[in-house]
Amino acid sequence: MAATVEEDEQAPDVAMDEDQPAKEEPAESLEGVAMEDLKEEAKDEAKEEAKEEAKTEAEEEEGAKHEVGEGDGQNHSGEGVTEPEVFKELEENAADDARPQLSTHVQVNTADMTLNVLPSCGGKVLMSLSDGGFQYFLGAARANAGLKSGRYMFEVRIVEHKVFLDPTIKTQSQRMPRQLWCLGLSTVGSSLFLGDGSDSIGFDSEGCLLAEGQRASLCPKFAPGNQVFAILVNLDPNSANANTVSLFRDGIRVTKPQRLPESLQGKVLFPTVNFRNMTLHLNFGPNSLEPLPFSCRMLQAAAEADIEVGTPQRPQDGKCEVLLPVGLPDEGTFDWLDGWMKDNPGYTELSSRALLDWAMKSGLRRLGGNSRVCNDRPGMDLGIRDLDNDSIHNMIMSVAPLLKRNFVVMEVRNNLLASERKRSLAHFDPAAFKRKALVVMGEPPEEHKSRVRQLTLEDKKRRATVRPPPPAPSRKKEEETAPENGKATNVQDSSGMEGDSQGPAASVVVPPPPPAAAAAAA
């Protein structure tokens with residue numbers, strides 16, 4: 001390929017004879033420049049096409065959002081455009097009921113909630129602590145009235161979402177929604193966390209149903225916003241939806257009625273809420289915030305015969321108790337505490353073990369697994385500074401004395417030391433609390449022995465059902481006789497593990513020296 005170069009006055013040395021070999025150089029440089037220009041143009045065109053496609057997809061998603069309806073409360077990202085499923089409504093209007101209505105004011109039970117929940121406005125508004133590590137914990141509360149028959153509902157309005165930033169958290173270690181709500185039912189004395197066991201059922205903001213210790217997806221997750229969710233409980237044996245629970249959003253049914261597990265049928269069911277970094281407005285009636293397609297009575301307007309009201313345990317002299325068990329390490333002190341708490345349900349445990357259990361039930365995961373070295377100081381190991389350095393324990397000891405309830409401060413090491421006991425008791429005012437030490441030493445009663453034997457048997461059964469890991473592949477050690485370094489050695493990588501990441505460690509055999517070298521050495 002040849003290129004023509006015109007001669008002008010400013011570049012007299014550009015023109016060259018045809019027989020000069022350097023004439024081809026301008027042609028090659030021009031060709032390279034042209035190729036680079038073509039590549040740049042292709043890149044620019046690809047970028048413009050990508051921008052146009054992204055713009056088109058954004059316009060399509062925005063149009064789909066308007067088609068579904070503003071404030072539909074669902075996140076359809078990655079799901080495609082889906083129309084709300086239409087269900088055939090089998091619920092009927094509530095019939096007239098001449099029975100006496102409930103006279104007790106329905107609200108959350110202040111003695112049946114987690115330590116981070118702050119009720120206000122007569123128990124109608126629930127807020128939670130959101131600093132010092134509490135922003136990672138679920139708040140939970142249970143109502144003081146439960147349903148044992150009939151069909152009733154209660155509502156929860158999402159008032160606000162709290163957003164926080166924590167640069168100390170290891171984002172890869174904790175993958176959980178920072179704002180979360182879960183609404184449902186639980187039995188008295190059961191865990192406050194919905195889905196923790198077979199004594200509760202609930203719907204969460206991720207569009208899942210939590211029942212019998214399992215989590216099943218029902219619908220797309222709900223977007224943040226000021227919305228009203230209603231939980232309808234149908235315990236009427238004559239209804240087509242008997243023994244079911246349903247979720248409504250802004251008066252519209254979200255899913256089909258979900259049947260209650262066998263473990264909950266025939267029991268008294270108390271409204272229960274779990275939430276994180278939110279403010280909730282609880283409405284038990286008598287009037288609803290968002291009417292349903294059919295008439296239904298609120299919990300406050302229920303017949304007194306269909307409701308069971310929990311009786312709060314109040315101290316006779318107005319003083320609550322704080323107990324400090326004193327026992328020896330590794331002598332079954334925590335096993336004793338489990339049995340004692342079961343016999344005395346009106347007490348709240350304050351310990352590192354209880355704090356770790358709370359974190360696990362809130363969706364946090366330990367970086368080193370769920371195994372515990374000890375119950376007294378298990379170590380959080382969550383990758384969150386406020387939790388790992390135990391600073392949240394100081395906040396709990398500051399908040400707990402403000403609550404009117406009984407506590408058990410369970411610290412085996414600290415309770416053995418007089419100076420540490422005084423420090424723990426200094427948080428509790430003697431004018432509001434009766435402070436006692438409970439010595440747990442000596443020969444245990446027969447009831448405690450039988451309980452420990454049962455726990456040991458259950459632990460052995462659990463270990464027997466766990467499938468053991470496969471045995472490590474056998475390695476034959478090659479040994480050769482040699483004056484020096486004639487044995488097989490294993491190669492270790494920088495991590496201290498034998499071999500590489502693709503298989504077992506390789507064996508390197510150092511051969512013996514040749515006969516001539518051996519003779520020279522001799």
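This report walks through selected local features of a predicted model.

## A nonpolar surface patch

Start on the outside. Five residues form a nonpolar patch on the surface: Leu328, Leu416, Leu417, Val439 and Met441. Together they have about 430 Å² of accessible area.

Take one member, valine 439. This residue lies in strand β21, which covers residues 433–440. Its relative accessible area is 61%. The cut-off for exposed is over 50%, so valine 439 counts as exposed.

## Aromatic rings

Now look at the rings. The model has 13 aromatic pairs. One pair joins phenylalanine 407 and phenylalanine 433. The ring centres are 6.4 Å apart, and the planes meet at 45°. Tilted pairs fall between the limits of 30 and 60 degrees, so this pair is tilted.

Where do the two residues sit? Phenylalanine 407 is in strand β20 (residues 406–409), and phenylalanine 433 is in strand β21. The pair therefore ties together parts that are 26 residues apart in sequence. Both phenylalanine 407 and phenylalanine 433 are buried. Strand β21 is also the strand that holds valine 439.

Elsewhere, Phe134, Phe137 and Trp358 form one aromatic cluster.

## A buried loop residue

Is asparagine 241 buried or exposed? Its relative accessibility is 8%. Buried means under 20%, so asparagine 241 counts as buried.

Asparagine 241 belongs to the loop between β11 (228–234) and β12 (244–249). Leaving aside residues up to four places away in sequence, asparagine 241 touches Leu90, Glu91, Asn234 and Pro257.

## Backbone features in loops

Which residues does a cis peptide bond join? They are glycine 285 and proline 286, with omega at about 15°. Proline 286 lies in the loop between β16 (278–283) and β17 (307–309).

Next come two positive phi angles. Glutamate 212 is not a glycine, yet its phi is positive, near 55°. Asparagine 277 is not a glycine either, and its phi is also positive, at about 55°. Glutamate 212 is found in the loop between β9 (208–211) and β10 (214–217). Asparagine 277 is in the loop between β15 (270–276) and β16.

How do they stand in terms of accessibility? Glutamate 212 has 48% relative accessibility and counts as partly exposed. Asparagine 277 has a relative accessible area of 2%, so asparagine 277 is buried.

Technical notes. Residues numbered from 1 in each chain as written. Predicted model: local features only at pLDDT ≥ 70, side-chain atom pairs only at ≥ 80, totals over all residues. Heavy atoms only, no water. Patch = residues over 30% accessible without salt bridge, like charges linked within 9 Å, V, L, I, M, F, W, Y side chains within 5 Å. Areas by Shrake-Rupley, 256 points an atom, 1.4 Å probe, with all protein chains shown as cover. Salt bridge = Lys/Arg side-chain N within 4 Å of Asp/Glu carboxyl O. Helix = DSSP H or I, 4+ residues; strand = E, 2+ residues; numbered from the N terminus. Buried < 20%, exposed > 50% of the residue type's maximum accessible area, 1.4 Å probe, protein only. Phe/Tyr/Trp six-rings, centres within 6.5 Å; stacked < 30°, edge-to-face > 60°. Contact = heavy atoms within 4.5 Å.
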